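Thanks for asking me to look this one over. Here are my notes, in numbered points, to read with the structure open beside you.

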Amino acid sequence: MDERARKLLRKKALTDQRATEHNTWEASGFGYAVRPPLRQFPDDLKGMKCEAMTRAGTPCKRTDIHANGRCKFHGGMSTGARTEEGKARQREGYRRWLEEKCRAAANTQ
């Protein structure tokens, strides 16, 4: 396992720990007495770069990476539905949205 992979695992573990602490705090009603401690982000994990290859052939320099180690342009966002059921659900949602938009436009006229 290379150094980058180890850092990504540490970053994911830290993110999971913070999420667990936040969920516990939220369940308590965001009480001041049970507020999670403020922790400094480790210096060696700050500024990690995406490092995906851009279309220009240079490495991506974005530092706002997801748990998978990539920025929102190189693997952080959804690629959409893949199954026929998912695609049908998306089409149905789009159809409902479009009907509501047309109905709202007709009501304003």
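1. Let me begin with a pair of cysteines. The sulfur of C50 has its closest cysteine sulfur in C71, at 3.8 Å, which is too far for a bond. Please keep in mind throughout that this is a predicted model. Seen from the other side, C71 finds its closest cysteine sulfur in C50, again at 3.8 Å and too far for a bond. A disulfide is a covalent bond between the sulfur atoms of two cysteines. The cut-off used here is 2.5 Å between the sulfur atoms, and by this rule the count of disulfides comes to zero.

2. Are these two cysteines buried or exposed? C50 counts as buried, at 0% relative accessibility. C71 is buried too, with a relative accessible area of 0%.

3. Both cysteines belong to a bigger picture, the nonpolar core. How many residues does the largest nonpolar core have? The count is eight, and C50 and C71 are among them. The other members are L8, L45, M48, A52, C60 and I65. In soluble globular proteins, nonpolar side chains tend to be buried together.

4. L45 deserves a second look for its neighbours. Leaving aside residues up to four places away in sequence, L45 touches K7, R10 and K11. So when you display this leucine, show two lysines and an arginine with it, because contact here means heavy atoms within 4.5 Å.

5. Next, the charged pairs. The structure holds 10 salt bridges. Side chains of opposite charge can pair when their charged atoms come close. One of the bridges joins E51 and R4, with 3.7 Å between the closest N and O atoms. This pair links distant parts of the chain, 47 residues apart: R4 sits in helix α1 (3-27), while E51 is in the loop between α1 and α2. The pair counts as a salt bridge because 3.7 Å is within the 4 Å cut-off.

6. E51 has a backbone feature as well. Its phi is near 65 degrees, a positive value in a residue other than glycine. How accessible is E51? The residue is partly exposed, with a relative accessible area of 43%.

7. F30 makes a second entry under the heading of positive phi. The phi of F30 is near 55 degrees, and F30 is a residue other than glycine. F30 is placed in the loop between α1 and α2. With a relative accessible area of 42%, F30 is partly exposed.

8. Helix α2 has a group of charged residues that I would ask you to view together. Which residues are linked in a network of salt bridges? They are E92, R95, R96 and E99. Within this network, the side chains of R95 and E92 meet at 2.2 Å, N to O. R95 also meets E99 in a salt bridge, at 2.5 Å, N to O.

9. The spacing along the helix goes with these contacts. R95 and E92 are separated by about one helical turn, because they are three residues apart in helix α2. R95 and E99 lie four residues apart in helix α2, about one turn of the helix. As for accessibility, R95 counts as partly exposed at 35%, E92 as partly exposed at 31%, and E99 as partly exposed at 40%.

10. Helix α2 also brings us to a nonpolar surface patch. Y94, W97 and L98 make this patch, with an area of about 330 Å². W97 has its place in helix α2 (residues 84-108). The relative accessible area of W97 is 46%, so this tryptophan is partly exposed.

11. Last, a small item on the loop. Where is N68 found? N68 is in the loop between α1 and α2, and at 45% relative accessibility it counts as partly exposed. From C-alpha to C-alpha, N68 and P42 are 18 Å apart in space, with their positions 26 residues apart in sequence.

Conventions: Residues numbered from 1 in each chain as written. Predicted model: local features only at pLDDT ≥ 70, side-chain atom pairs only at ≥ 80, totals over all residues. Heavy atoms only, no water. Core = buried A, V, L, I, M, F, W, Y, C linked by side-chain atoms within 4.5 Å. Buried < 20%, exposed > 50% of the residue type's maximum accessible area, 1.4 Å probe, protein only. Patch = residues over 30% accessible without salt bridge, like charges linked within 9 Å, V, L, I, M, F, W, Y side chains within 5 Å. Areas by Shrake-Rupley, 256 points an atom, 1.4 Å probe, with all protein chains shown as cover. Helix = DSSP H or I, 4+ residues; strand = E, 2+ residues; numbered from the N terminus.
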